[in-house]
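Student: I'd like to learn how to read a structure like this one. Could you walk me through it, feature by feature?

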Amino acid sequence: MSSDGNPDSLIDILAIAAHRDDVEQTCGGTLLRMAARDLRTGILDLTQGESGTRGSAPERAAEAEEAARILGVVHRQALDLPDGAVANTLENRIKIARVIRELRPRVVILPYWEARHPDHATCATLGYEACFLAGLSRVNTGSEDRPHRPFKIVYASLYADVRPSFVVDITPFIEQRHAALMAYKSQYANQAQGGGLFVPEEEIRGRTFAEARHYGLLAGVRYGEPFVQREVGLVDDLMLIPVQSI
């Protein structure tokens, strides 16, 4: 039985991203923390990386498998949406909805809905609408899985210039998080191809740790990952609200 009490759930938390390595950058530490709490985590990559400046789709697939092992996820798969041209179509919504019905997550993590890369912004809207579609009993996704709609959708906002709704403390997992990202040698190891576009390998650690340190400071911890939720939060006990005010 999944830890949310649903005997049909294969995973508790599903992170959906446009590209292999997006999850590692934006919420890898959170997946590590959730796995350490005996929650079942998964990743759904929408594309296979065939249009990237560096690396091939097969290389990215092998690297994603190694990163998934480091993150402790129990399920990872990639769909066949075109890299660089992710579109919010009914066909693509159904592809994602089919996975949601199969895995039955309680929580879905999506990228923030405003982003430099169009695939990331589209993924946010596409993922949300797919979560809604997955709960409609009369929608045929091509599988025999029953309708399912996640209880909570949150948005990984690491690269968005917005105030987070909350921050997850990833301090104990910061090194594993970095190792998962660096599993993508085709993307982050120094090489001539794309040299003017990519951050030099020796700077990646400093930059990613600094970002995590910034969000950690906002929440009173050493390293953190930020998230936004659209709905208002609910507090049961004022005495248990974390993060000191003054």
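Tutor: Let's start with a term we'll keep using: a residue is buried under 20% relative accessible area, exposed over 50%, and partly exposed in between. Keep in mind that this is a predicted model. Take V167, which has a relative accessible area of 23% and is therefore partly exposed. You'll find V167 in strand 6, residues 166-169.

Student: Which class does L238 fall into, and why?

Tutor: L238 counts as exposed because its relative accessibility is 71%. Look for L238 in the segment after strand 7. L238 is also part of a nonpolar surface patch with V235 and I241, and together the three have about 320 Å² of accessible area.

Student: Okay, on to strands. How many residues of strand 5 are buried?

Tutor: The general idea first: in a regular strand, side chains alternate between the two faces of the sheet. Now the case here. Strand 5 covers residues 152-156, and four of those five are buried, so call this strand mostly covered.

Student: And which way does strand 4 run relative to strand 5, parallel or antiparallel?

Tutor: Parallel: strand 4, residues 107-111, is joined to strand 5 by five bridges. To see the pairing on screen, find I109 and look across to V154 in strand 5. Between the two strands the chain passes through helix 5 (residues 118-134), making a β-α-β crossover that is right-handed.

Student: What about strand 5 and strand 7, parallel or antiparallel?

Tutor: Those two run antiparallel, with two bridges joining strand 5 to strand 7 (residues 224-228). For a landmark, pick A156, whose bridge partner in strand 7 is F227.

Student: Now charges. How many salt bridges are there?

Tutor: The idea is to look for a side-chain nitrogen of Lys or Arg within 4 Å of a carboxyl oxygen of Asp or Glu. By that rule the count is 10. One of them pairs E129 with R93, where the closest N and O atoms are 3.5 Å apart. E129 sits in helix 5 and R93 in helix 4 (residues 90-103), so this contact ties together parts 36 residues apart in sequence.

Student: Is each partner buried or partly exposed?

Tutor: One of each. R93 is buried because its relative accessible area is 17%, while E129, at 31%, is partly exposed.

Student: Which residue meets K152 in a salt bridge?

Tutor: That's E231, with an N to O distance of 2.6 Å. This pair links distant parts of the chain, 79 residues apart: K152 belongs to strand 5, and E231 to the segment after strand 7. K152 has 21% relative accessibility, so it counts as partly exposed. E231 is partly exposed too, at 33%.

Student: Where do R205 and E175 lie?

Tutor: R205 is in helix 8 (residues 201-219) and E175 in helix 6 (residues 174-182), so their pairing ties together parts 30 residues apart in sequence. Their closest N and O atoms are 2.6 Å apart. As for cover, R205 is partly exposed at 36% relative accessible area, and E175 is partly exposed at 43%. Salt bridges can also share partners, and that is how E24, D45 and R76 are joined into one network.

Student: How many disulfides does the structure hold?

Tutor: Zero. C123 is in no disulfide, and its nearest cysteine sulfur, that of C131, is 10 Å away.

Student: Why is there no bond for C131?

Tutor: The general idea is that two cysteine sulfur atoms must be within 2.5 Å to count as a disulfide. For C131, the closest cysteine sulfur is the one in C123, and 10 Å is too far for a bond. Both cysteines count as buried, because C123 has 0% relative accessibility and C131 has 1%.

Student: Last one: how far apart in space are R101 and D8?

Tutor: Sequence separation and spatial distance are two separate readings, so to speak. R101 and D8 are 93 residues apart in sequence and 10.0 Å apart in space, C-alpha to C-alpha. R101 is in helix 4, and with a relative accessible area of 3% R101 is buried. For another pair, try V167 and D45: they are 122 residues apart in sequence and 23 Å apart in space, again C-alpha to C-alpha.

Definitions and conventions. Residues numbered from 1 in each chain as written. Predicted model: local features only at pLDDT ≥ 70, side-chain atom pairs only at ≥ 80, totals over all residues. Heavy atoms only, no water. Buried < 20%, exposed > 50% of the residue type's maximum accessible area, 1.4 Å probe, protein only. Helix = DSSP H or I, 4+ residues; strand = E, 2+ residues; numbered from the N terminus. Pairing = 2+ DSSP bridges. Right-handed = clockwise from strand over helix to strand, strands pointing away. Patch = residues over 30% accessible without salt bridge, like charges linked within 9 Å, V, L, I, M, F, W, Y side chains within 5 Å. Areas by Shrake-Rupley, 256 points an atom, 1.4 Å probe, with all protein chains shown as cover.
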